[in-house]
Amino acid sequence: MKFQQSINGWGRYPVIKAEVHDPFVLSGVKAALQNRGQGGLIARGLGRSYGDSSLADYVVKIRKLNHLLDFNSKSGVVTCNSGISLADLLDVFVPMGWFLPVTPGTKHITLGGAVASDVHGKNHHVSGCFCEYVESIELLVNPESVLLCSRITHSDLFHATCGGMGLTGIILSVTLRLKPVSSAYVNQKTLKAQNISEALELFEVNHTSTYSVAWIDCLSTASSLGRSLLMVGEHSSDNILAGASKHSLTIPVDMPTSLLNRFSIQLFNTLYYNRITKKEVKNRVHYEPFFYPLDGIHHWNRLYGKNGFTQYQFVIPKEAGKVGMTKILKEIVASGKGSFLAVLKVFGKQNDNLLSFPLAGYTLALDFKIEKGLFSLLDRLDAMVLDYGGRLYLTKDVRMSEQTFKQSYPHWQQFQSVREHYGVKGIFASYQSRRLGLDT
Amino acid sequence: MKKILIIGATSAIAEATAQSFAKEGARLFLIARNTERLATQATDLGIRGALSVDYALLDVNDRSNHQQALQRAIETLGEIDVVLIAHGTLGNQTDCEKDSETALLELETNAVSTIALLTKLANIFEKQHHGTIAVISSVAGDRGRPSNYVYGTAKAAVTTFCEGLQARMFKSGVHVLIIKPGLVATPMTEALSMPALLVADPNLIAADIVRAIDKKTDVLYTPWYWKYIMAGIIHIPTALFKKFNL
């Protein structure tokens with residue numbers, strides 16, 4: 001089945017027209033690729049990348065290819081079609097004592113999307129990216145050929161595909177090593193930091209914690225610049241694998257674009273920061289609120305109104321440290337455009353995947369609603385990030401320039417060579433890959 | 001452990017329901033026409049916890065093959081605790097208006113085949129003296145509406161048939177469940193532009209179905225608010241209803 005449809009990413013900007021295919025068997029995926037006309041084709045999962053990564057002239061949704069194909073209950077190695085969601089994997093495997101080795105802040109993404117974005121989570125500093133746990137990938141590179149790639153076979157294609165934003169072909173299935181857990185609960189500790197330097201110190205002190213992340217207030221100034229709540233956690237060992245928190249809330253319609261303004265966000269941030277009065281609070285929570293606090297609010301992207309929003313996520317190397325982070329934060333605070341939901345995290349070392357985002361350093365992610373003057377602020381931030389040797393996360397990006405991309409992703413040429421070698425360049429292309437000068 | 005037969009097993013609602021049953025460790029027998037999908041679905045349900053999963057291919061419009069498919073299910077499962085009939089197509093109403101053959105094919109798939117299967121299944125269940133026959137009808141069968149009255153006609157036939165069957169089977173201790181989903185996000189409905197607020201996830205429908213089977217509900221509107229929406233639609237006076245394009 002195919003339809004001319006209006007589609008967009010999670011940020012709801014931009015909205016484009018595409019020929020959308022939604023096959024529920026492999027032969028349908030091949031047919032969509034076979035019958036493609038002029039223009040690029042990209043695979044799309046649940047549409048949670050923020051910008052234009054999953055937008056193209058031809059879009060093949062893979063969410064209906066969602067079957068579990070193999071599972072070894074001794075080793076925890078599972079093979080699934082790429083359209084299965086992380087939510088579904090958790091539902092099936094947590095009760096059996098297995099957890100995702102790495103998870104981003106939403107479980108409503110597909111396994112294929114997790115690989116294409118080489119997603120990271122709160123444990124990046126100790127566990128690295130999602131693809132470290134991927135043993136192999138079945139990749140459709142043309143209608144006649146499916147290649148099995150791993151660190152041993154077609155390893156060049158494997159490292160291009162992990163984090164490759166779908167530009168090397170359509171990921172059909174993934175073999176993933178799950179992580180054993182003995183509880184569905186997490187022992188959480190929340191620590192209060194009065195400013196950015198205290199926050200970064202707390203990350204250092206807690207570097208052995210499996211999970212750590214900080215919510216950071218991007219509106220407070222002066223000595224409270226970058227005040228944060230740091231949350232660290234460990235899987236509990238209480239042997240309770242059942243249970244789930246099912247409370248959810250839906251944002252039913254677009255909120256007025258004026259709802260989120262400097263004052264409402266400041267109010268939210270102040271309340272949020274002060275919800276904890278002590279320096280340190282310990283509690284035990286279900287994995288859902290710990291890992292996926294926003295999944296409890298359906299369609300939270302509607303909060304930003306009908307014009308949509310973008311999430312700006314950058315990383316700067318450790319050497320740039322506090323000085324760099326402080327300088328960039330000051331620029332954001334001065335703009336007054338900062339949002340709630342700004343997230344700070346320390347990354348561990350980078351991996352061998354050609355377009356993977358994380359590198360050893362500090363990452364900050366924050367939402368901005370699309371409005372006049374935003375892109376010039378982001379251009380200024382880009383320049384600072386580049387100066388420090390940092391880069392932006394492709395999965396969130398919707399507007400960085402070709403030059404910014406090519407300067408900050410040093411392996412882009414190698415990525416292109418792999419695509420040329422396997423004959424996929426130009427066939428698999430997105431609005432993003434064209435904007436970044438990877439396709440024409 | 002429950003023994004469950006699902007006809008139209010690759011439909012989104014059926015698949016979500018099968019996953020629920022698999023989690024409980026049921027034995028499943030799947031019937032559908034797409035062999036490619038069925039094969040991986042069987043593997044999937046096994047990993048999710050089903051004690052056994054078997055399947056047979058059947059195009060429900062080949063009525064001469066009904067007996068054989070049902071026979072295989074019974075031989076595999078022994079007896080059937082629950083049968084879920086979930087196959088269906090949502091044809092294009094405009095095409096049905098242009099061509100009587102298209103309209104009749106829509107009735108074949110959504111009504112005639114279901115009635116044929118139910119006739120055979122009713123006799124099997126009557127001898128068994130227990131079990132649930134769950135049939136996916138639709139809110140579309142509650143009142144003919146210009147946007148989908150051919151589909152609605154088929155579903156009205158299924159509903160009426162099942163109402164009679166309900167009373168007949170009651171005497172043998174067999175439960176008949178009439179399921180009336182509203183708008184569900186499935187492959188069948190994706191070409192429609194539907195009001196996002198009213199579109200439900202198949203997993204939600206599946207959870208309602210499993211609960212209704214357990215509670216021996218007679219008629220299930222799912223999600224629940226469709227009961228009230230349809231009550232409203234049924235009571236709009238015809239003189240006024242004709243003016244709408246619902």
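Trainee: Leaving aside its neighbours within four places in sequence, with which residues is L230(A) in contact?

Mentor: In this predicted model, L230(A) belongs to the residues with the most contacts inside the largest nonpolar core, alongside V115(A) and A199(A). Contact requires C-beta atoms within 7 Å. With neighbours within four places in sequence left aside, the partners of L230(A) are L191(A), A193(A), A199(A), L202(A), F203(A), S212(A) and A214(A).

Trainee: Where does the largest nonpolar core lie with respect to domain 1 and domain 2 of chain A?

Mentor: This core has 133 residues. Domain 1 (68–181) and domain 2 (185–400) of chain A both contribute residues to it, so the core lies between them.

Trainee: Is strand β1 of chain B largely enclosed or open?

Mentor: Strand β1(B) covers residues 3–7, and 5 of the 5 are buried. K3(B), L5(B) and I7(B) point one way, while I4(B) and I6(B) point the other way. In a regular strand, side chains alternate between the two faces of the sheet. Because its residues are buried, β1(B) is largely enclosed by the rest of the structure.

Trainee: Which residue of β4(B) is the bridge partner of L5(B)?

Mentor: Strand β4(B), residues 82–85, runs parallel to β1(B) and is joined to it by 4 bridges. Within β4(B), the partner of L5(B) is V83(B).

Trainee: What is the handedness of the crossover from β1(B) to β2(B)?

Mentor: β1(B) and β2(B), residues 27–32, pair in the parallel sense over 5 bridges, with L5(B) opposite F29(B). The chain passes between these strands through helix α1(B), residues 12–23, and this β-α-β crossover is right-handed.

Terms used:
Residues are numbered from 1 along each chain as its sequence is written. Chains are lettered from A and ligands numbered from 1 in the order in which they are written. This is a predicted model: local features need pLDDT of at least 70, side-chain atom pairs count only at pLDDT 80 or more; totals for chains, interfaces and linings use all residues. A residue is buried if 20 or more other C-beta atoms lie within 10 Å of its own, exposed if 12 or fewer, and partly exposed in between; C-beta atoms are placed from the backbone. Helices (H or I, at least four residues) and strands (E, at least two) are DSSP runs, numbered from the N terminus. Two strands pair if DSSP finds at least two bridges between them. A crossover is right-handed if, with the strands pointing away from the viewer, the path from the first strand over the helix to the second runs clockwise. A nonpolar core is a set of buried Ala, Val, Leu, Ile, Met, Phe, Trp, Tyr and Cys residues joined through C-beta atoms within 7 Å. Domain bounds come from an automatic or database domain assignment. Two residues are in contact if their C-beta atoms, placed from the backbone, lie within 7 Å.
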